Amino acid sequence: MRILKYGYFGEDEAHRIFLVNYLEQLVEHLGKSKEVTFEFDTSFSYTFKARSKTDVDKLFAEATQKGFIDYQQDLFFVGRDLDTFQPNEFKGKITSMQSQLRDDFKEKTFLMIPVQCIEHWLWYMKIKIENPYATKNESLESKPNREAKTALYGNPKVSNEKSKPIVEAFSKVLDFEYLESRSESFNTFHSRVKQFVEN
């Protein structure tokens, strides 16, 4: 079995929790659980912390370089909410961030940038669980962040103590095909990671 050590640099705990659960389910989903396992580099990820998306934007290229060179990581994830619904801004943000990475790190660095916020991806899962037979394809990402957070947490402003178990619960039951069909930002992220794992 190949153990892939990964680094993470992102704006909050919700992204990290989602990522850990996503990777665990992905190898199961792809039938690769006997071939590949992901190991979260806690020593790196709890040393290099961002407090906001501004920190992520300023420091992610340096954090990525440190992860690969100083910590000998196999791959790296960057988590940041887009905080807007404009499709051109999503594509522009991906292009801008990729251009800041060293060429030899680009293929091993994965940008997790939910349109609006990570809670939108989780909101899709909440709807899927609560309405398993619904076929309506509604774009939640056009709805503001506070609406997504209220739908998940009951309030747009909650403590980590309240939000973390909810993020944990909804990110442990991911329906990859459903999310891919609903969210372009999830699909963009997932397609790259899936291709990496399959190869």
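Me: Let me start with a definition: two strands pair if DSSP finds at least two bridges between them. With that in hand, what makes strand 3 and strand 4 a pair?

Reply: This is a predicted model, and in it strand 3 and strand 4 are joined by 4 bridges in the parallel sense. A pair needs at least two bridges, so these strands qualify. You can find one of the bridges yourself: Phe76 has Thr109 in strand 4 as its bridge partner.

Me: What makes strand 1 and strand 2 a pair?

Reply: The test works the same way here. Strand 1 (residues 2–10) runs parallel to strand 2 and has 5 bridges to it; at least two are required, so they pair. Look at Arg2, for example, which stands opposite Val36 in strand 2.

Me: Which order do the strands take in the sheet, and why do strand 2 and strand 4 count as edges?

Reply: The 4 strands form an open sheet with parallel pairing, in the order 2-1-3-4. Strand 2 (36–40) and strand 4 (109–112) have a single partner strand each, so each has one side without a neighbour in the sheet. On average, neighbouring strands here are turned by 30° against each other, direction ignored.

Me: How do you know that both faces of strand 4 are covered?

Reply: Check the residues on each side of strand 4: Thr109 and Leu111 are buried on one, and Phe110 and Met112 are buried on the other.

Me: Which helices lie against the sheet?

Reply: Helix 1 is one of them, touching strand 1, strand 2, strand 3 (75–79) and strand 4, with its direction at about 155° to that of strand 1. An angle over 145 degrees counts as roughly antiparallel, so helix 1 and strand 1 fall in that class. Helix 3 (residues 53–69) lies across strand 1, strand 3 and strand 4. Its angle to strand 3 is about 170°, so that is roughly antiparallel too.

Me: Why is helix 1 called oblique to helix 9?

Reply: Two packed helices are described by the angle between their axes and the distance between the axes. For helix 1 and helix 9 (residues 184–198), the axes come within 11 Å and cross at roughly 50°. That angle is not under 35 degrees, and it does not reach the 65 to 115 range, so helix 1 is oblique to helix 9. The crossing is right-handed. Among the residues that meet are Phe18 and Leu26 in helix 1 and Phe186 and Val193 in helix 9. This contact is made up of 10 nonpolar, 1 polar and 1 charged residues.

Me: What makes helix 1 and helix 5 oblique to each other?

Reply: Helix 1 and helix 5 (residues 118–130) pack at about 50°, their axes 10 Å apart. That angle also lies between 35 and 65 degrees, so the pair is oblique. The handedness of this crossing is left-handed. In the contact, Ala14, His15 and Phe18 in helix 1 meet Ile118, Glu119, Trp121 and Leu122 in helix 5.

Me: Why is Asn21 called buried?

Reply: Asn21 lies in helix 1 (residues 13–29). Its relative accessible area is 4%, and buried means under 20%, so the label fits. Beyond its neighbours within four places in sequence, Asn21 is in contact with Glu168, Ser171 and Lys172.

Me: And how do you know whether Gln25 is buried or exposed?

Reply: Gln25, also in helix 1, has a relative accessible area of 15%. Since that is under 20%, Gln25 is buried. Not counting residues up to four places away in sequence, Gln25 touches Ser171, Lys172, Val173, Leu174 and Phe176.

Technical notes:
Residues are numbered from 1 along each chain as its sequence is written. This is a predicted model: local features need pLDDT of at least 70, side-chain atom pairs count only at pLDDT 80 or more; totals for chains, interfaces and linings use all residues. Side-chain values use heavy atoms; hydrogens and water are left out. Buried means under 20% relative accessible area, exposed over 50%, partly exposed in between (1.4 Å probe, protein chains only). Contact means heavy atoms within 4.5 Å. Axes are lines fitted to C-alpha atoms, for helices over the stretch in contact, and angles run from 0 to 180 degrees between N-to-C directions. A crossing is left-handed if the near helix is turned anticlockwise from the far one by less than a right angle, and right-handed if clockwise. Ala, Val, Leu, Ile, Met, Phe, Trp, Tyr, Cys and Pro count as nonpolar, Asp, Glu, Lys and Arg as charged, and the others, Gly among them, as polar.
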